[in-house]
Amino acid sequence: MPPENQPVPIEPQTWDHNRDYHSFANSDQVQVTHLPLALKVDFATRRLQGKATLSLRYLESQVGELWLDSRDLHILSVTTEDETALAFHLEAADEILGQKLVIQLPQELCEQVCIRYHTSPEAEGLQWLTPEQTAGKALPYLFSQSQPINARSWIPLQDTPKVRITFDAHVEVPKGMRAVMSAMNDPETPLEGQFQFEMEKPIPTHLLALAVGDLAFQAIGPRSGVYTEPCMLEAAATEFADTEHMLDVAQSLLGPYAWGRYDMIILPPSFPFGGMENPRLAFLTPTLIAGDKSLVSTVAHELAHSWTGNLVSNATWRDLWLNEGFTTYFTNRIVEAVYGKEQAELEWVIEFGRLTEEMAMLPRHRQTLPANVQQADPNLAFNRFTYDKASMFVHELEHRLGRVEFDKFLFAYVQHFAFKAITTEVFVEYAKVALVEAYPDKINEAELQEWIYGEGLPQGYVGPTSRSLDKVDSALDDFLQGKAASELKVKGWRVHHWQYFLTQLPEVVSQVQLMDLDDTFKFTESTNAEIACDWFRVAIRNHYDPVLPALSAYLQRIGRGKFVRPLYAELQVAGYHAELQQIYACARAGYHPSIQVQLDRMLKG
């Protein structure tokens with residue numbers, strides 16, 4: 001593994017692109033196909049007591065061992081389906097990958113292996129919250145985050161997107177609490193402490209999800225609804241009321257919705273992502289509840305993953321762009337259909353702005369669509385570059401082919417690879433036929449290769465624009481020429497106009513200008529998490545110290561990685577070392593374990 005914060009080596013041609021370098025599993029010899037799971041949730045010890053029964057399919061006739069992924073798991077016993085004990089051992093821990101669990105298989109190959117175990121209180125894929133850390137303050141809370149490789153911290157399994165499994169689960173929780181999973185959930189289940197789940201469609205293991213807490217439910221459509229703490233339910237249901245419409249739009253583009261229901265759970269603020277596309281139960285951050293539906297494109301994004309990500313999956317984390325690029329593009333199409341072309345254009349332009357900012361900081365050799373993270377933490381693949389360059393590529397394909405023809409390609413692509421995991425190279429071979437040969441006057445193989453394997457953006461690429469931003473550019477020019485903030489024409493601006501305004505400010509802004517903006521528009525007091533983050537970044541870079549109390553409160557209130565990582569990085573670069581350490585010392589305990597690990601590594605230097 002390269003030293004922390006050092007560039008990842010350029011990808012050697014000898015690396016096997018079909019191999020998942022982030023899994024110990026010998027899935028090319030034997031694959032887990034079904035997972036019956038029994039869990040007891042113990043809030044007192046902050047552990048799951050588990051029994052995982054793995055149904056096996058052998059790809060080779062002579063297999064002596066089963067290799068599984070685990071991290072900080074305490075393995076109590078391993079047996080066959082008839083309770084015959086099997087020898088096992090855990091190998092030395094790797095800082096990123098955890099431990100290989102090696103199980104000796106009998107000579108007469110068994111159909112199932114049963115593992116009894118319990119998790120660690122520090123399991124990276126689980127966050128345990130005290131009642132005081134919840135909105136309702138009455139009951140504790142537990143939620144998981146398995147992506148990218150944290151499922152192994154709460155279940156011993158083949159933790160790789162290459163292998164899809166079905167599962168059923170029995171979950172025991174304290175009476176009065178509700179458990180929900182990435183499966184079919186029944187909101188009418190009595191709160192007697194026993195919950196049954198089934199996911200009969202094969203999913204990759206990073207989509208395994210569990211949440212337990214004081215959860216209420218409200219339907220918002222015939223196939224959709226919201227789970228969250230009771231005090232947040234009405235606001236969440238109102239904010240996400242357009243979900244059923246989004247479902248209809250998405251189906252019209254990519255075919256029938258394969259998962260039956262699309263429910264959502266609004267988690268506590270420490271949830272580290274905007275959303276997580278767990279099938280049948282998308283996990284969402286409460287920072288999306290802005291009161292005006294201005295941030296619901298994240299709902300559209302997680303919904304879009306139902307096709308591009310959950311149905312067609314990346315085979316390794318090197319191939320993450322296949323999930324996120326198509327999904328980010330598809331999100332834009334849903335937003336256009338539901339909220340109009342102007343909002344879709346605004347979001348696309350802001351996306352391109354994020355990409356150019358990321359490219360300015362990212363080493364050139366890391367600016368390819370495949371994320372060269374084989375020897376590094378796969379979390380490094382989850383940056384705006386991976387999402388946004390891939391999205392620009394998909395938008396460019398639409399531009400080249402025209403929307404009608406491109407929609408035919410997209411529909412055929414999803415149907416062709418449904419319930420499969422593919423690599424970048426599998427996509428390239430498919431695209432040579434479905435794009436290059438089918439539309440030789442629109443795109444050639446060299447252009448395809450340049451987009452995917454080339455560094456940065458292809459020469460001559462022109463990014464998106466929006467006439468709706470002309471008024472923002474005009475106001476920004478006026479402000480930089482000396483006009484007072486109170487004199488700027490900002491009537492009717494949407495959230496995205498304000499985001500664009502803040503991100504287009506020059507690196508150096510005077511204290512007088514910052515005070516004028518803040519006094520006029522109250523950015524430091526903004527309750528919109530996106531606007532507040534963009535403003536704080538501008539303020540930190542320019543040492544506008546009046547934001548520090550509000551920034552500290554923000555970082556202690558919100559645990560979403562998209563916000564906290566860049567803000568701590570800005571504090572670090574700007575030299576706010578004492579303030580950074582003080583804020584982080586207060587905030588760290590409230591962050592998800594996966595974010596704690598990432599920030600600990602980032603800030604230790």
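This briefing covers two sheets, one pocket and a handful of single residues. The model is predicted. One open sheet has four strands, and another has three. The second largest pocket holds about 460 Å³ of space. Several residues are picked out for their backbone geometry, among them E83 with a positive phi.

**The four-stranded sheet**

- Four strands make an open sheet in the order β8-β9-β13-β11, and the pairing is antiparallel.
- The edge positions belong to β8 and β11 (178-181). Each has a single partner strand, so one side of each has no neighbour in the sheet.
- On average, neighbouring strands of this sheet are turned by 10° against each other, direction ignored.
- Strand β8 (residues 126-129) pairs with β9 (residues 141-144) over four bridges, in the antiparallel sense.
- Two positions show the register of that pair. L126 stands opposite S144 in β9, and W128 stands opposite L142 in β9.
- The side chains of β8 alternate in direction. L126 and W128 point one way, while Q127 and L129 point the other way.
- Both groups are buried. The edge strand β8 lacks a sheet neighbour on one side, yet L126, Q127, W128 and L129 are all buried.

**The three-stranded sheet**

- A second open sheet runs in the order β3-β6-β5, again with antiparallel pairing.
- Here β3 (65-70) and β5 (88-90) stand at the edges. Each pairs with a single strand, so one side of each is left without a neighbour in the sheet.
- The twist from one strand to the next averages 20°.
- Three bridges join β5 to β6 (residues 99-104), and the two strands run antiparallel.
- Within this pair, H89 has V102 of β6 as its bridge partner.

**The second largest pocket**

- This pocket encloses about 460 Å³ of space.
- Its lining counts 23 residues. Nearest the pocket centre are W348, H395, E396, H399 and Y461.
- Four helices each supply at least two lining residues: α4 (320-339), α5, α6 and α9 (445-453).
- Which helix gives the largest share of the lining? It is α6, with six residues.
- By class, the lining has ten charged, eight nonpolar and five polar residues.

**L401 in helix α6**

- Helix α6 also contains L401.
- L401 is buried, because its relative accessible area is 7% and the cut-off for buried is under 20%.
- Leaving out residues up to four places away in sequence, L401 touches F406, F409, L435, Y439 and K442.
- L401 and D441 are 40 residues apart in sequence. Their C-alpha atoms are 9.3 Å apart in space.

**N379 and the cis bond at P148**

- N379 sits in the loop between α5 (341-361) and α6 (384-401).
- Is N379 buried or exposed? N379 counts as buried, because its relative accessibility is 15% and the cut-off is under 20%.
- Beyond its neighbours within four places in sequence, N379 is in contact with P148 and Q598.
- P148 itself lies in the loop between β9 and β10 (164-172).
- The peptide bond from Q147 to P148 is cis, with omega near 0°. Most peptide bonds are trans.

**Positive phi outside glycine**

- Most residues other than glycine have a negative phi. Two exceptions follow.
- E83 is not a glycine, but its phi is positive at about 70°. E83 is found in the loop between β4 (74-80) and β5.
- With a relative accessible area of 47%, E83 is partly exposed. The value falls short of exposed, because that class starts over 50%.
- F419 is not a glycine either, and its phi is positive at about 60°. F419 is in the loop between α7 (403-416) and β20 (420-422).
- F419 counts as partly exposed, with 29% relative accessibility.

Key. Residues are numbered from 1 along each chain as its sequence is written. This is a predicted model: local features need pLDDT of at least 70, side-chain atom pairs count only at pLDDT 80 or more; totals for chains, interfaces and linings use all residues. Side-chain values use heavy atoms; hydrogens and water are left out. Buried means under 20% relative accessible area, exposed over 50%, partly exposed in between (1.4 Å probe, protein chains only). Contact means heavy atoms within 4.5 Å. Two strands pair if DSSP finds at least two bridges between them. Axes are lines fitted to C-alpha atoms, for helices over the stretch in contact, and angles run from 0 to 180 degrees between N-to-C directions. On a 1 Å grid over the protein atoms alone, a cavity is a set of points where a 1.4 Å probe fits but cannot get out, and a pocket is an open set with protein on both sides within 12 Å along at least five of seven lines; lining residues have an atom within 4 Å of a point. Grid points are joined across faces, edges and corners, and a volume is the space filled by probe spheres set on the points. Ala, Val, Leu, Ile, Met, Phe, Trp, Tyr, Cys and Pro count as nonpolar, Asp, Glu, Lys and Arg as charged, and the others, Gly among them, as polar.
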